[in-house]
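Visitor: I would like to take a close look at a single part of this structure, the open sheet and what surrounds it. Could you guide me through that part step by step?

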Amino acid sequence: DSVYEDDETAIVAISGVSGGNATESGTQSIRVTVTENESAPTITLATSASSIAENSSDTVTLTATASQIADENITVTLATTGTGTSGADYSAVNGTTITIAAGATTGTKTFTITDDSVYEGDESVIVAISGVSGGGATESGTQSMTVTIAENETSQTVQIPYRAARA
């Protein structure tokens with residue numbers, strides 16, 4: 001098959017003997033191991049946008065992709081850093097997970113940007129894989145995606161009047 005399942009073991013045992021006065025000589029069993037021939041899956045991370053306006057109603061989709069189908073769910077845990085704040089500048093992503101279902105190669109997670117009325121300049125959301133479990137899967141190197149939140153408020157200008165002193 002083409003599904004990663006890790007090595008599998010079967011034990012075949014004689015459960016009974018009949019006919020011709022035959023008997024079993026002790027307990028007879030044999031262990032058979034089927035060695036996995038597919039490589040364990042490695043996980044990569046991609047994003048649907050590298051930049052999004054702060055006042056956009058669009059969502060950002062994160063996609064975790066497995067290099068190989070597995071026979072069990074793969075869970076990918078996410079971590080965020082950057083100048084944007086999880087839960088304030090964008091919907092909470094830090095510590096959430098993406099599940100790649102058994103038999104599939106991708107799973108997704110979406111998040112939205114929060115429009116505020118404060119000028120902060122462009123901010124960044126850096127999403128990385130902090131852990132992978134299930135299906136024998138591992139992270140492919142270090143996976144990290146950056147999304148820029150483009151500021152939509154204008155910066156405030158402060159003018160200070162100046163009068164030359166008279167002599």
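**The open sheet and its surroundings**

Guide: In this predicted model, five strands make up an open sheet, where they follow the order 4-11-9-6-7 and the pairing is mixed. The edges are strand 4 (51-53) and strand 7 (97-100), each of which pairs on one side only, and neighbouring strands of the sheet are turned by 25° against each other on average, direction ignored. Within the sheet, strand 6 (residues 74-81) pairs with strand 9 (residues 123-133) in the antiparallel sense, over seven bridges, and Thr81 has Ile126 in strand 9 as its bridge partner.

Some of these strands also contribute to the largest nonpolar core, which has 23 residues, and among them Ile43, Leu62, Ile74, Val76, Leu78 and Phe111 touch the most other members. Two or more residues of this core come from each of strand 3 (42-47), strand 5 (59-66), strand 6, strand 7, strand 9 and strand 11 (144-150), with strand 5 giving the largest share, four residues. Leaving aside neighbours within four places in sequence, Ile74 is in contact with residues including Pro41, Ile43, Ala66, Ile98, Ile100 and Val132.

A residue of another strand completes the view: Lys109 lies in strand 8 (residues 106-112), and Lys109 counts as partly exposed because its relative accessible area is 22%, which falls between the limits of 20% and 50%. Apart from neighbours within four places in sequence, the contacts of Lys109 include Leu62, Leu78 and Ile98, while the C-alpha atoms of Lys109 and Thr63 are separated by 6.7 Å, although these residues are 46 residues apart along the chain.

Notes. Residues are numbered from 1 along each chain as its sequence is written. This is a predicted model: local features need pLDDT of at least 70, side-chain atom pairs count only at pLDDT 80 or more; totals for chains, interfaces and linings use all residues. Side-chain values use heavy atoms; hydrogens and water are left out. Two strands pair if DSSP finds at least two bridges between them. Axes are lines fitted to C-alpha atoms, for helices over the stretch in contact, and angles run from 0 to 180 degrees between N-to-C directions. Buried means under 20% relative accessible area, exposed over 50%, partly exposed in between (1.4 Å probe, protein chains only). Contact means heavy atoms within 4.5 Å. A nonpolar core is a set of buried Ala, Val, Leu, Ile, Met, Phe, Trp, Tyr and Cys residues joined through side-chain atoms within 4.5 Å.
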